[in-house]
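Here is a short note to read beside the model. Please keep the structure open while going through the points.

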Amino acid sequence: MFKPERIIFEKGVLEYERANKIKDYFQSNPKIEILEMSNNKIKSYIPGDTLHEQYRSGKKTLVVGVKKSLKFQTCKPSAHYQLPLVSGCMGQCEYCYLNTQLGDKPFIKVHVNIEEILEQAKKYTVERLPEITIFEGSATSDPIPVEPYTGALAECIKYFGEQEHNRFRFVTKYTDVDSLCNLEHHGHTEVRFSINTDTIIKGYEHFTASWDKRIEASIKMMASGYPVGFLIAPVFIYPNWQEEYREVLHTLKEKLPNTLDYPITFEIISHRYTTTAKNRILEIFPETTLPMNDEERKFKYGQFGYGKWIYPKDEMKMIQEFFNEEIGHIFKEGQIKYII
């Protein structure tokens, strides 16, 4: 669970019941600074003189606010639309693209107007009828660490469980899923767990749950009847990478139940970075060993119009062939949704 050092309530947000519940949850803890904004400059309430200090202060800050713009972003290839519940993450993964999207003080922000967000989701769904519309709840965040006091995921899971033409999905590196286990989801929410090799998790995924704990949480969700998938991302090419990713897949197979309500899904994303992200990462993590040599990569424009440095064609083909073969061999009933 994310335990912030400071909580900032945006001006007017305490008119919402959910915001007051969050305030009540933390009110009795003298170690947490609770601030109510008198202006719209969130970052002025977060300390730090250097980028290093600002980054770490932001990572310890929770902002409680309202999602004012209800124009949802698209979310290919994961879903049709993002569902904007939370932005930011308590984790400090060195490769994370949120290092650039959330500025110098990457605070975690929760939106309390869930009912309005779900009403907007309904409008998007109507536009696409009779097709099913899929919403992604973790495009700019990991929503699990704030769930104990926001209840946002639980509300969404129950809502989507009642919808015929909606599906909901989110991904996490955390394990506090007990409050979600007994909800009436009707199989309409897919929970995915981000996994990787020990080399990558221990080397780059700071302040996240261990590999074993993630698997334990996934088994809980399977036992509760949820469709469960695994996001293997980012995939890095490094010495012995194939042996280590093969070990990850075999360990999964050994630990997961033999009988499941739904096939296990896999989404594979190779490591990529923007020039802006690279520069920010090198400022925040000056000792990083992330492989970000432009000369060893290929430049490609993405869906939002900016370019990324990806693995060259031959190496991408090697990644695709490896995971297609290994997952096909180890998980006979598994489904690969995409490899990019």
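1. Against which helices and strands do the buried residues of α6 pack? The model is a predicted one, and in it these residues pack against three helices and three strands, named here in turn: α1 (17-27), α4 (114-128) and α5 (147-150), then β9 (133-136), β10 (166-172) and β11 (189-195).

2. Helix α6 is largely enclosed by the rest of the structure, because eight of its ten residues are buried. The buried ones are A152, L153, A154, C156, I157, Y159, F160 and G161.

3. The largest nonpolar core has 94 residues, and L83, F230 and F323 have the most contacts inside it. The element that gives the most to this core is α6 (residues 152-161), with seven residues. A second core, separate from this one, has eight residues, among them I42, Y45, V63 and F107.

4. F323 deserves its own look. Apart from neighbours within four places in sequence, F323 is in contact with I232, V235, W241, Y245, L249, I268, G328, I336 and I339.

5. Strand β11 is largely enclosed by the rest of the structure, since seven of its seven residues are buried. T189, V191, F193 and I195 point one way from the strand, while E190, R192 and S194 point the other way. Both sets are buried.

6. What are the partners of β11? This strand runs parallel to β10, joined to it by five bridges, and F170 stands opposite V191. Five bridges also join β11 to β13, again in parallel, and here I195 stands opposite I232 of β13.

7. P227 lies in the loop between α8 (211-223) and β13 (228-235). Is P227 buried or exposed? With a relative accessibility of 10%, P227 counts as buried. Its C-alpha atom is 6.4 Å from that of V191, although the two residues are 36 places apart along the chain. Setting aside neighbours within four places in sequence, P227 is in contact with G187, T189, E190, V191 and Y262.

8. There is also an open sheet of five strands, in the order β2-β1-β3-β8-β6, with mixed pairing. Its edge strands are β2 (33-36) and β6 (86-87), each of which pairs on one side only.

9. At one end of that order, β1 (residues 6-9) and β2 pair in the parallel sense over four bridges. F9 has E36 of β2 as its bridge partner. Together with α1, these two strands make a right-handed β-α-β unit. For the other edge strand, β6 pairs with β8 (residues 108-111) in the antiparallel sense over two bridges, and S87 stands opposite K109 in β8.

10. How many disulfides does the structure hold? It holds zero. C89 is in no disulfide, and its nearest cysteine sulfur, that of C93, is 6.4 Å away. The sulfur of C93 has its closest cysteine sulfur in C96, at 6.3 Å, which is too far for a bond; the cut-off for a disulfide is 2.5 Å. C89 counts as buried at 16% relative accessibility, and C93 counts as buried at 7%.

Technical notes. Residues are numbered from 1 along each chain as its sequence is written. This is a predicted model: local features need pLDDT of at least 70, side-chain atom pairs count only at pLDDT 80 or more; totals for chains, interfaces and linings use all residues. Side-chain values use heavy atoms; hydrogens and water are left out. Two strands pair if DSSP finds at least two bridges between them. Buried means under 20% relative accessible area, exposed over 50%, partly exposed in between (1.4 Å probe, protein chains only). A nonpolar core is a set of buried Ala, Val, Leu, Ile, Met, Phe, Trp, Tyr and Cys residues joined through side-chain atoms within 4.5 Å. Contact means heavy atoms within 4.5 Å. A crossover is right-handed if, with the strands pointing away from the viewer, the path from the first strand over the helix to the second runs clockwise.
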